[in-house]
Amino acid sequence: MSVSLQEEAAVDFVLTLRRRWADTVYPHLRAEFDAASMGEAERAELLADHVRRLPTYGWFAWLERGSQKMLWRAVGDHVAAQPPVEYDRPAQGALELNPDLVLPDWYTAWDIHLQPGGVWSSNPAAQVYELGAKLVMMGENDDYKFHRLFTETAIASRPYRRIVDLGCGFGKSTWPLKQAVPQAEVIGVDLAAPCLKRAAEHAMAKGLNIRFRQADAMATGLEAGSADLVVSTMLIHEIPLDHLPVLFEEAARLSAPGGALAFLDFQPTGDAFRDFAMMEHGARNNEPYMAPMMAADLVSMAQAAGFTNVRWTAFDERGGGDLGVSTWPTRREWHFPWAVLHAERAG
Ligand SMILES: C[S@@+](CC[C@H](N)C(=O)[O-])C[C@H]1O[C@@H](n2cnc3c(N)ncnc32)[C@H](O)[C@@H]1O
C-alpha cells in the first residue's frame, strides 16, 4: 500500500489532535467541572447545563466532532488514491451474500461514526471503515489485540460447536473466535455486504474457515437452537432501543440449551461527569441509539427473552480485559466505558 507524504501528514495531524483531545482537553474540562462545586442534589438535574458552561467545553465538543470528521477525510483521501480492490475471486464459498436484503431505514438514515456513506454503501466505504477503525484506536489495537482480549477473557473456554458473531463488520471480532476454537463452526453475520467481502477475504488470507452471512442480526435465518455461543462486539449501541428486544429474542432462538451469550458494548460507570461525556459522545459521533441503549435495563430485556444469569461486567482493553465485576477502571484521559453483557440459555 503506497502512502504519500501528504496523506501521512494528514493522518499524523488528526491522530495527534485526537490524542490531545483525549489526554489534555478532557482532563482539563474534568478539572474545571470538579473545581466548580455543585451540591449533590442539584447535580443530576443541572449537570448538562453546568458542563456546557465550563470554559473548555466549546473546545472539547468541537474537537471531538471535528477531529472525527478530519479522520474520515484523511482516510477517505488515502483510499481514493489506491487502486480499487477487486472482490470477484471464485474461492468465496464461505461468503453468503443476499442481494434481495433490504437494509432497514434506521440503519441507512445515519452516517454512523460520521463516516460519509456509512460502512454499507460501497466497497471503498468498507476499506475506509477498516483503516479508520484501526487508526482510531491510536496504536492501542495492533493486530486487533482488543478483540483477541475479548475472546480470551470474556468467553469461557468450552468445546463450542457453533459460534455466531452478530454484527461482525469486516471480521476483526470473528477471526479470533475461530483462532481460539478451531473445531467450532464460526459464522459472522452483518447487514453490510462490502464489510463481509473484506471479512471473507481476510479470513481466507489467514487460513480461517469462517462463514460470513449477510443478514439482519434480528433475523439471521440460521437454525434454531444451533449455537453454543452468540456474541457481538459494538453492535447493540447501533440498534434502536425498540428493536433490541427482537435482537435478544433472535439470540435466544439461536442458542442451544446451556448456550452462552456475550455482548461487548458500553455501560454507565456511575461517574456523573464521565457518563455525561459518553452520552454526548454518542450524539456528537452520529450514534443516536447509544444513549437510549445505555439508559435501558438490558438485563431485564435479556431475561424476558429467556436468558438467565444475566449480568454486566466491566472490560478494560488496556489491562485485563473482562474484569468480572461491574467496577470500571478510572483514567485521567477520555476512556470508553467498555462492558460485557453475559447471559446463559437454560439447559
Ligand atoms: C461498530 S461495527 C462493529 C463490528 C465488529 N463487531 C467489530 O467489533 O469490529 C457494528 C457493525 O454492526 C453492523 N450492524 C448494525 N446493525 C446490524 C444489524 N441489525 N444486523 C447485522 N449487522 C448490523 C454494522 O453493519 C457494522 O458492521
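Count Ala, Val, Leu, Ile, Met, Phe, Trp, Tyr, Cys and Pro as nonpolar, Asp, Glu, Lys and Arg as charged, and everything else, Gly among them, as polar. With that sorting in hand, we can walk through this structure, which is a predicted model, starting at the ligand.

Around the ligand sits a shell of 22 residues, and the closest of them are Tyr107, Gly167, Lys172, Asp190 and Thr233. Sort the shell by type and you get 12 nonpolar, 6 polar and 4 charged residues. Some of the side chains make polar contacts with the ligand. Tyr107 puts a side-chain N or O atom 2.6 Å from a ligand oxygen. Asp190 also points a polar side-chain atom at an oxygen of the ligand, at 2.7 Å. Asp216, on the other hand, has a polar side-chain atom 3.0 Å from a ligand nitrogen. How much of the ligand does the protein bury? On its own the ligand would expose 600 Å², and the protein buries 99% of that.

Now for the charged pairs. Side chains of opposite charge can pair when their charged atoms come close. This structure holds 19 salt bridges, and a few are worth a look one by one.

Take Arg52 and Glu280: their closest N and O atoms are 2.6 Å apart. Arg52 belongs to helix H2 (residues 40-52) and Glu280 to helix H10 (residues 272-284), so this salt bridge links distant parts of the chain, 228 residues apart. The two ends sit in different surroundings, if you go by accessibility: Arg52 is partly exposed, at 43% relative accessible area, while Glu280 is buried, at 10%.Next come Glu96 and Arg211, whose side chains meet at 2.6 Å, N to O. Glu96 lies in strand S1 (residues 95-96) and Arg211 in strand S4 (residues 211-214), so their salt bridge ties together parts that are 115 residues apart in sequence. Glu96 counts as partly exposed, with a relative accessibility of 21%, and Arg211 counts as partly exposed at 23%.

Glu130 and Arg198 form another salt bridge, at 2.3 Å from N to O. Here helix H5 (residues 123-136) supplies Glu130 and helix H8 (residues 193-205) supplies Arg198, so the pair ties together parts 68 residues apart in sequence. Are these two residues buried or exposed? Both Glu130 and Arg198 are buried.

Finally, back to Glu96 and Arg211. Through salt bridges that share partners, they join Arg162, Glu185, Arg213 and Glu223 in one network.

Technical notes: Residues are numbered from 1 along each chain as its sequence is written. This is a predicted model: local features need pLDDT of at least 70, side-chain atom pairs count only at pLDDT 80 or more; totals for chains, interfaces and linings use all residues. Side-chain values use heavy atoms; hydrogens and water are left out. A residue is near a molecule or strand if one of its heavy atoms lies within 4 Å of it. A polar contact is a pair of N or O atoms within 3.5 Å; within protein, one must be able to donate a hydrogen and the other to accept it, and residues adjacent in sequence count only if both atoms are side-chain atoms. Accessible areas come from the Shrake-Rupley method with a 1.4 Å probe; for residues, only the protein chains shown count as cover. A salt bridge is a side-chain nitrogen of Lys or Arg within 4 Å of a carboxyl oxygen of Asp or Glu. Helices (H or I, at least four residues) and strands (E, at least two) are DSSP runs, numbered from the N terminus. Buried means under 20% relative accessible area, exposed over 50%, partly exposed in between (1.4 Å probe, protein chains only).
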